[in-house]
Amino acid sequence: MDDSPCKLLFLEPVFVEKIWGGRKLETEFGYSIPDGPIGECWAISAHPHGDCRVAEGPYAGLTLSALWRDHRELFGNAPGDRFPLLVKILDADDALSVQVHPDDAYAAEHEDGSLGKRECWYVLDADEGAHIIVGQHARNRAEFLQMVREGNWENLLNEIPVHTGDFFAVEPGTVHAILAGTLILETQQSSDVTYRVYDFDRVDASGKSRDLHIEQSADVVDYAASAPMSGELAAPEVDGITHLLHNDSFDVLRVRMHDEAPIEIEQRWDYLCVSVVAGSGSLKLDGGETRSLAKGDHFIALSGAGALLFSGEMELICSYVERSSTCSGSK
Ligand code: ZN
């Protein structure tokens, strides 16, 4: 098996303690996590703040960033100076801060060449009555700053109910906060630039509050964007596949298998990020090689993998950078 080209890259998640985190990554996903409030599982990441290591196979122990740098052929020689995607699971036992992210242009200029952060959320689980904040109601910078100064959160922030199975696209410039009682699979650009607008006046054990970034937030908020009314899925499910998101950064699919009917995912990508978010089953590769999968597995199907045939009773969230857009990128 070692002399065949590497087709699947299984990764070891990186766990991050957060003041708003809980224990669901252990109780719901069965990961063995450090003590304390663990808010984030960086499941597929080559970002320097959490660079996943390969779990098995010929590249075991190497980081995803090193593989991207030194073995770009595994990723179909896709262009780019960094692996562009980051997939996380977020366990919000308490609210995350109200925040906003810049776009690529603003981040490149003000954040040392970082990517901007476009993110999206698939809701794995939401408590009865849970809410979420996506969008805001100020019409311009002055109005935004005034409402922030006055602490007029109720009128500024677009808080809406959240349910299991919802999906939210969070474009750069969208004010947002994941609130308590929500477990989310987040697909985002590989960036860690966050401007905090409000942190509910929280302090940590030593009485310290987290930094706010009001000026930068006011700079990047998209005042023209309209705030969503709900996270109900807009896209249709066709043969088990729901195309949740398409934009020029990445695409996201939900794949649901029912009654053992297999689902094939065509290779329109150079590499495909896959997270098993429910159930179990198997993946058959072009050459006939089969691999069993279970909830909590995260892997990258590499360019040599060919068409992927999934079967079982599983739910997957997959993401990729569309091949044509990678080609039209830098040369
Ligand atoms: Zn965010």
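**Group meeting: salt bridges, a domain contact and a zinc site**

The structure holds 20 salt bridges. Keep in mind that this is a predicted model. I will go through some of those bridges, then the two domains, then the zinc, and end with two loop residues.

Take Glu-289 and Lys-7, whose side chains meet in a salt bridge at 3.9 Å, N to O. Glu-289 sits in the loop between strand S20 (272-284) and strand S21 (290-294), while Lys-7 is in the segment before S1, so this pair ties together parts that are 282 residues apart in sequence. Are the two partners buried or exposed? Glu-289 is partly exposed, with a relative accessible area of 33%. Lys-7, at 16% relative accessibility, counts as buried.

The next one is Lys-24 with Asp-127, where the closest N and O atoms are again listed at 3.9 Å apart. Lys-24 belongs to helix H1 (residues 24-27) and Asp-127 to the loop between S9 and strand S10 (131-136), so parts that are 103 residues apart in sequence are tied together. Asp-127 is partly exposed, at 39% relative accessible area.

Then there is Arg-291 with Glu-56, a side-chain salt bridge of 2.5 Å, N to O. This pair also links distant parts of the chain: Arg-291 is in strand S21 and Glu-56 is in the loop between strand S6 (53-54) and H2, 235 residues apart. Arg-291 is partly exposed at 27% relative accessibility, and Glu-56 is partly exposed too, at 35%. Elsewhere, Asp-94, Asp-199, Arg-202 and Arg-210 are joined into one network by salt bridges that share partners.

Now the domains. The chain is divided into domain 1 (8-220) and domain 2 (237-320), and their C-alpha centres lie 23 Å apart. The contact takes 33 residues from domain 1 and 32 residues from domain 2. How much area is buried between domain 1 and domain 2? It is about 2,800 Å², and carbon and sulfur atoms give 70% of that. On the domain 1 side, Leu-8, Phe-10 and Tyr-122 supply 24% of the area buried against domain 2, more than any other three residues.

As for polar links, there are two salt bridges between domain 1 and domain 2. The count of residue pairs in polar contact between them, both at pLDDT 80 or more, is 13. Several elements of domain 1 each supply at least two residues of the side that touches domain 2, among them strand S1 (8-12), helix H2 (64-70) and strand S9 (119-126).

On to the metal. Which residues are the protein donors of the zinc ion? They are Gln-99 through OE1, His-101 through NE2, Glu-119 through OE, listed twice, and His-176 through NE2, lying 2.1 to 2.8 Å from the ion. Along the chain the donors follow the spacing Q-x1-H-x17-E-x56-H. Gln-99 lies in strand S8 (residues 98-100) and His-176 in strand S13 (residues 176-178), so the pair ties together parts that are 77 residues apart in sequence. Both Gln-99 and His-176 are buried.

Last, two backbone points. Most residues other than glycine have a negative phi. Asp-201 has a positive phi, near 55 degrees, in the loop between strand S15 (195-198) and helix H6 (214-220). Asp-201 is exposed, with a relative accessible area of 67%. Asp-239 has a positive phi of about 50 degrees and lies in the loop between strand S16 (237-238) and strand S17 (241-246). Asp-239 is exposed as well, at 70%.

Definitions and conventions: Residues are numbered from 1 along each chain as its sequence is written. Side-chain values use heavy atoms; hydrogens and water are left out. Donors are N, O and S atoms within 2.8 Å of the metal (3.2 Å for Na, K and Ca); water is not among the atoms, so sites may look incomplete. Helices (H or I, at least four residues) and strands (E, at least two) are DSSP runs, numbered from the N terminus. Buried means under 20% relative accessible area, exposed over 50%, partly exposed in between (1.4 Å probe, protein chains only). Domain bounds come from an automatic or database domain assignment. Contact means heavy atoms within 4.5 Å. Buried area is the accessible area (1.4 Å probe) that two parts lose on being put together, summed over both. A salt bridge is a side-chain nitrogen of Lys or Arg within 4 Å of a carboxyl oxygen of Asp or Glu. A polar contact is a pair of N or O atoms within 3.5 Å; within protein, one must be able to donate a hydrogen and the other to accept it, and residues adjacent in sequence count only if both atoms are side-chain atoms.
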